[in-house]
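Reader: Hey, I've just opened this one and I'm new to it. Can you walk me through a few bits?

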Amino acid sequence: QVQLVESGGGLVQPGGSLRLSCVASGSIFSINDMGWYRQAPGKQRDLVATITRGKSTVYVDSVKGRFTISRDNAKNTVYLQMNNLKPEDTAVYYCNAVVSILGVGAKNYWGQGTQVTVSS
């Protein structure tokens, strides 16, 4: 099996910064796309950013210029650097990865989520 463990969430004032990390572990042959999603109370889970194994990135318009997604393939880790945070960024942030497992194929995995709260 594969586990994704996020860290780095917390409470920050508007304009502040946080860096989220997500480490994948388990029976991993390779990791394809990785990404971050977020879910605010009463809303659906939405895409924030994704990154391919070759490090091509996609961002939702609302975070462009403020958030940066990156990954370390050797460490099976994806990061989300969040700058100039706004109250509307408040949500539970989830890590996502498409993982190839020998003899099984590619499967989609989610982390448990980490809370980000932007408030003065």
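**Strands, a loop and a disulfide**

Author: Sure. In strand 3, Ser 25 is the bridge partner of Gln 3. Keep in mind that this is a predicted model.

Reader: OK, so how many bridges pair strand 1 with strand 3, and in which sense?

Author: Six bridges, in the antiparallel sense, with strand 1 covering residues 2-7 and strand 3 covering residues 18-26.

Reader: And what joins strand 3 to strand 8?

Author: Six bridges there, and those strands run antiparallel; strand 8 spans residues 77-82. One partnership to look for is Leu 20, whose bridge partner in strand 8 is Leu 80.

Reader: Switching topic: how many disulfides does a search of the whole structure find?

Author: One. It joins Cys 22 to Cys 95, with 2.1 Å from S to S. Cys 22 sits in strand 3 and Cys 95 in strand 9 (residues 91-101), so the pair ties together parts 73 residues apart in sequence.

Reader: Is that disulfide left-handed or right-handed, and why?

Author: Left-handed, because the torsion about the S-S bond of Cys 22 and Cys 95 is about -80°.

Reader: Are Cys 22 and Cys 95 buried or exposed?

Author: Both Cys 22 and Cys 95 are buried.

Reader: Now Arg 66. Where does it lie?

Author: Arg 66 is in the loop between strand 6 (57-59) and strand 7 (67-72).

Reader: Buried or exposed, that Arg 66? And why do you say so?

Author: Arg 66 counts as buried because its relative accessible area is 8%, and the cut-off for buried is under 20%.

Reader: What is Arg 66 in contact with, leaving aside neighbours within four places in sequence?

Author: Its contacts include Gln 81, Met 82, Asn 83 and Asp 89.

Conventions. Residues are numbered from 1 along each chain as its sequence is written. This is a predicted model: local features need pLDDT of at least 70, side-chain atom pairs count only at pLDDT 80 or more; totals for chains, interfaces and linings use all residues. Side-chain values use heavy atoms; hydrogens and water are left out. Two strands pair if DSSP finds at least two bridges between them. Helices (H or I, at least four residues) and strands (E, at least two) are DSSP runs, numbered from the N terminus. Buried means under 20% relative accessible area, exposed over 50%, partly exposed in between (1.4 Å probe, protein chains only). Contact means heavy atoms within 4.5 Å. A disulfide is a pair of cysteine sulfur atoms within 2.5 Å.
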